[in-house]
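Me: I would like a close look at one part of this protein. Please take me through the packing around the sheet, step by step.

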Amino acid sequence: MERAVVSLAVCVDSDRTSRRSAAHALAERFGVPAAALDSPGFEAFLVVTDDRLELRAANAPGMGPVYVDFLTGAMRRRQREPGSAGQMIARAVGYKGQPLRIVDATAGLGRDAFLLAGLGCTVTAVERSPIVAALLADGLRRAADDPEVGPILRDRLLLVEADARAFLESLSETNRPDVVYIDPMFPHRTKSALVKKEMRLCRLAAGDDPDADELFRVALTVARSRVVVKRRLRAPVLVREPAFSYKGRAVRFDVYPCR
């Protein structure tokens, strides 16, 4: 099933020639217009700034940009102190101190992939939206030289822009992952302004995941150990009841053993 295509343009937020060239290159790559930031008729803008790549909603002055940052704020805290979130996702994927090979089949902005890599797992982060993948690649690029985070990302997190179903089916027997992790893009009912902003903008760029049930079935045939599906706490199961779940205050991880 085709995903929704947003009316999106690529632009710069300054007049620097180097930035304008980068914006035009992205526009050509994605097959979307290069336009001024205040151009009418667009729902969102992929903005090339002096420091990073951002996704911004049009005509929404109160909504800040979405970008990937592994070096400050919540992401850095999660890397240094995984806390309960890290413990729960570690239990869900079956991490017991030995490295696991994991395919994050719906990588999005890379938060869970980053947390899994920080635990010591080798993670292939698969994202099929070119726009979202570009945001994640930009965050990885900017974090690569950090002495603390850089080695984690370089050595244990690989970004692949692809449809996860085709990617999983293309893997040889020796390259099958231990775990396939799925966090489908479905409507989120949350009071968090940050999540609302990010989900709205990412949904504009990437659409929902109406074929998540098909991805789940493919994952079950490929994963060696288990498939883990992240859901809102009270959301219905994706396809069928899991063998067991790990539940937090807002989300749960449904676990499906493959043996």
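Reply: Start with a single side chain in this predicted model. Leucine 153 is in contact with Phe70, Phe114, Leu140 and Ala143, leaving aside its neighbours within four places in sequence. Leu153 also belongs to the largest nonpolar core, which has 50 residues. Leu46, Leu55, Phe70, Ile102, Leu153 and Val228 are the members that touch the most others there. Helix α5, residues 130-143, gives this core its largest share, 7 residues. There is a second, separate core too, with 20 residues. Val222, Ala223, Val229 and Tyr256 are among them.

Now the sheet itself. It is open and has 7 strands. Read across it and the order is β6-β5-β4-β7-β8-β10-β9. The pairing is mixed. Two strands stand at the edges: β6 (157-161) and β9 (244-247). Each has a single partner strand, so one side of each is left without a neighbour in the sheet. From one strand to the next, the twist averages 20°.

Look closer at one edge. Strand β5, residues 122-127, runs parallel to β6, and 5 bridges join the two. Alanine 125 stands opposite leucine 159 in β6. Strands of a sheet pair through backbone hydrogen bonds, either parallel or antiparallel.

Next come the helices. Helix α4 (residues 111-119) lies across β4 (101-104), β5, β6, β7 and β8. Helix α4 runs at about 170° to β5.

Helix α9 covers residues 212-222. Its buried residues are Ala212, Leu215, Phe216, Val218, Ala219 and Val222. They sit on the same side of α9, because they cover an arc of only 170° around the axis. The spacing helps explain such a pattern: an α-helix has 3.6 residues a turn, so residues three or four places apart point the same way. What covers the buried residues of α9? The cover includes α7 (164-170), β7 (179-182), β8 (226-232) and β10 (251-257). One of those buried residues, Val222, is also a member of the second core.

Finish at a loop. Aspartate 178 is found between α7 and β7. Not counting residues up to four places away in sequence, Asp178 touches Leu100, Arg101, Ala223, Arg224, Ser225 and Arg226. Ala223 is another member of the second core. Aspartate 178 and cysteine 258 are 80 residues apart in sequence, and their C-alpha atoms are 9.6 Å apart in space.

How values were computed. Residues are numbered from 1 along each chain as its sequence is written. This is a predicted model: local features need pLDDT of at least 70, side-chain atom pairs count only at pLDDT 80 or more; totals for chains, interfaces and linings use all residues. Side-chain values use heavy atoms; hydrogens and water are left out. A nonpolar core is a set of buried Ala, Val, Leu, Ile, Met, Phe, Trp, Tyr and Cys residues joined through side-chain atoms within 4.5 Å. Buried means under 20% relative accessible area, exposed over 50%, partly exposed in between (1.4 Å probe, protein chains only). Helices (H or I, at least four residues) and strands (E, at least two) are DSSP runs, numbered from the N terminus. Contact means heavy atoms within 4.5 Å. The arc is that of the directions from the helix axis to the C-beta atoms. Two strands pair if DSSP finds at least two bridges between them. Axes are lines fitted to C-alpha atoms, for helices over the stretch in contact, and angles run from 0 to 180 degrees between N-to-C directions.
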